[in-house]
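Visitor: Please take one part of this model and go through it closely, pairing by pairing. I would like a connected account rather than a list.

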Amino acid sequence: MPPKAHTGSYDGTGGPGKWGDLDAANKACSVGLQQSPIDIEATVKSQLPALKVNWGKSADTIVNNGHTIQLNFAEGSTLMLGDVKYKLLQVHFHRPSEHMIGGKNFPMEAHFIHRNDAGGLAVVGVLMAEGRPTPAFGKIVKTMPAAEGPAVKADAGIDPHAMLPTKLSYFRYPGSLTTPPCSEVVEWLLLTTPIHVSAADVAAFAKLYPMNARPVQKDNRRYVLKSI
Ligand SMILES: [Zn+2]
């Protein structure tokens, strides 16, 4: 889940097991104790604040950055987590999902990256199962640049809210970026309800990015909270 492009890849000598060696700045990738993603098994039911999503109705630009497809947002889209305000920066996609639930992957996962004024990140993760189509994702697939290159104007019909399930209950745990430099600055907010997208749209994404998911990391006794 890169706010910026990263140098690692997902296979061979630059693969996830080597990210920590690529650059001194990536050290957390190999020695960090709060790394992401994780396999979510035992959870602790908690009174967590409701996610107050107040995003705009469309994205600004879409880009194929060589690691994923990403949509960038203009100023004005926010998320309130309790009384902390975060700005929505971008959403991008992984195949298969990075987080696992009880040892199982989903076909894809979307990461909505938000940042607060202090520099902390809150990432809303949306698991993506195959089933009936989500038209907003269909539009992303139809308009995504086939090759790595500069950002271009996004289709105005891509409403990010349409990529959310109705129910915004979530798992919360402290973690990291899932790409170099793997910084441990992320409040992970993984929605418990997956959305559905068509198998054809997943296959189209997979033609560009068949595998861009970091393997699950040790939880190191972190608690995963689950909203009631
Ligand atoms: Zn991500």
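Guide: A convenient place to begin is a single cross-strand pair in this predicted model: Leu71 stands opposite Val91 in strand E7. Leu71 belongs to strand E5, which covers residues 69-72, while E7 covers residues 84-94, and the two strands run antiparallel, joined by three bridges. The next residue along E5, Asn72, has Gln90 of E7 as its bridge partner.

On another side of the pairing scheme, E5 is joined to strand E4, residues 61-64, by four bridges, again in an antiparallel arrangement. Here Asn64 is placed opposite Ile69 of E5. E4 and E5 make a hairpin with four residues between the strands, and within this hairpin Gly66 takes a positive phi near 90 degrees.

Returning to E7, one finds that this strand also pairs with strand E6, residues 78-81, through four bridges, and that these two strands run antiparallel as well. Leu81 of E6 has Val84 of E7 as its bridge partner, and the hairpin that the two strands form leaves two residues between them, with Gly82 in the turn adopting a positive phi of about 65 degrees. E7 is further joined to strand E9, residues 108-115, by seven bridges, and this pairing too is antiparallel; within it, His94 of E7 is matched with Glu109 of E9. Following the pairings from E4, one therefore passes to E5, from E5 to E7, and from E7 to both E6 and E9, where strands count as paired if at least two bridges are found between them.

To set this part in its context, the protein as a whole has four helices and 15 strands. Its radius of gyration is 16 Å, close to the 17 Å that the globule rule gives for 228 residues, so the protein is as compact as a globular protein of that length. The C-alpha trace spans about 45 × 40 × 35 Å along its principal axes.

Among the helices, H3 (residues 135-143) packs with H4 (residues 199-208) at an angle of about 30 degrees, their axes lying 10 Å apart. Since angles under 35 degrees count as roughly parallel, that angle makes H3 roughly parallel to H4. The crossing of H3 past H4 is left-handed, and in the contact Phe137, Gly138 and Val141 of H3 meet Asp201, Ala204 and Phe205 of H4. Sorted by class, this contact of H3 with H4 comprises four nonpolar residues, one polar and one charged.

How values were computed
Residues numbered from 1 in each chain as written. Predicted model: local features only at pLDDT ≥ 70, side-chain atom pairs only at ≥ 80, totals over all residues. Axes fitted to C-alpha atoms, helices over the stretch in contact; angles between N-to-C directions. Parallel < 35°, antiparallel > 145°, perpendicular 65-115°, else oblique. Left-handed = near helix turned anticlockwise from the far one by under 90°. Contact = placed C-beta atoms within 7 Å. Nonpolar A, V, L, I, M, F, W, Y, C, P; charged D, E, K, R; others polar. Rg over C-alpha atoms; globule rule 2.2 N^0.38 Å.
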